[in-house]
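Thanks for coming. I will go through one chain, from its surface down to its sheet and then to a few single residues. Please keep the sequence and the model in view.

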Amino acid sequence: MKRILFFAITAVCILTASPTFAQENYTEGNVREVNFYRTKQGKFDEYMKYLRANFLPQQEEAKKQGMIVGYQVMIKTPATADDWDVAIVTLHKSYGAALDYNQSDEDKMKAIVSKHFKTMDEQKQREMTAKRFDMRDFKGTSYLREVTLKPMQ
């Protein structure tokens, strides 16, 4: 019985100590939600124009309302035929802000989208944004935490 108790206490100590040691080396920063896309042949400029007209104003308003910290659009030359060429980055305060459902933020975003597309009808909004699927293919999403390394002492 003493042996089981010893192993249980040791396991708890090890599991709780690991995050403590990791925090010793850095401080946590914002979380980036990165969505990767591959534009279809000949559609890159059209997709950039779509983002300027639709993504940009909505993200500016979301930032102004404090729903996100920031956003970026990144491009690169694809390494293979299946590689991404456009990454859309949304900067969040934390993993919780990036991943947890928030009814208030959803309501705010619906209002932003409705104002942008000048209709509250979600079906019409989907129809208006559906053309983006003809311009690009979704490749995946990654969540990345920014960390600041602490100087050695």
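The accessible surface of the protein chain comes to about 11,000 Å², and carbon and sulfur atoms hold 58% of that. Accessible areas here are from the Shrake-Rupley method with a 1.4 Å probe, and for residues only the protein chains shown count as cover.

Two sentences on the source. This is a predicted model, in which local features need pLDDT of at least 70 and side-chain atom pairs count only at pLDDT 80 or more, while totals for chains, interfaces and linings use all residues. Residues are numbered from 1 along each chain as its sequence is written, and side-chain values use heavy atoms, with hydrogens and water left out.

Of the 153 residues in the protein chain, 25% are buried. Buried means under 20% relative accessible area, exposed means over 50%, and partly exposed is in between, with a 1.4 Å probe and protein chains only. Among contacts in the protein chain with a separation of 6 or more, 75% are between residues 24 or more positions apart. A contact is heavy atoms within 4.5 Å.

Now the elements. The protein chain has five helices and four strands, in the order α-β-α-β-β-α-α-α-β from the N terminus. These are DSSP runs numbered from the N terminus: helices are H or I with at least four residues, strands are E with at least two.

How are the four strands ordered in the sheet? The order is E2-E3-E1-E4, in an open sheet with antiparallel pairing. At the edges are E2 (70–75) and E4 (136–149), each pairing on one side only. The twist from one strand to the next averages 20°. Two strands pair if DSSP finds at least two bridges between them.

Strand E3, residues 86–92, is joined to E2 by six antiparallel bridges, and E1 and E3 pair over seven, also antiparallel. On the E2 side, Ile75 stands opposite Val86 and Val73 opposite Ile88. From E1, Phe36 stands opposite Ala87.

Why is E3 described as largely enclosed by the rest of the structure? Because seven of its seven residues are buried. Val86, Ile88, Thr90 and His92 point one way from E3, and Ala87, Val89 and Leu91 point the other way.

Helix H2 lies across E1 (26–39), E2, E3 and E4, and runs at about 165° to E2. Axes are lines fitted to C-alpha atoms, for helices over the stretch in contact, with angles from 0 to 180 degrees between N-to-C directions.

Lys63 is in H2, which covers residues 44–64. Lys63 has a relative accessible area of 40%, so it is partly exposed. Leaving out residues up to four places away in sequence, Lys63 touches Ile68, Val69 and Gly70. Lys63 and Thr90 are 27 residues apart in sequence and 9.9 Å apart in space, C-alpha to C-alpha.

Last, the surface again. Tyr95, Leu99 and Tyr143 form a nonpolar patch with about 260 Å² of accessible area together. Patches are made of residues with over 30% relative accessible area and no salt bridge (a side-chain nitrogen of Lys or Arg within 4 Å of a carboxyl oxygen of Asp or Glu); like charges are joined within 9 Å, and nonpolar side chains (Val, Leu, Ile, Met, Phe, Trp, Tyr) within 5 Å. Tyr95 is in helix H3, residues 95–99, and counts as partly exposed at 31% relative accessibility.
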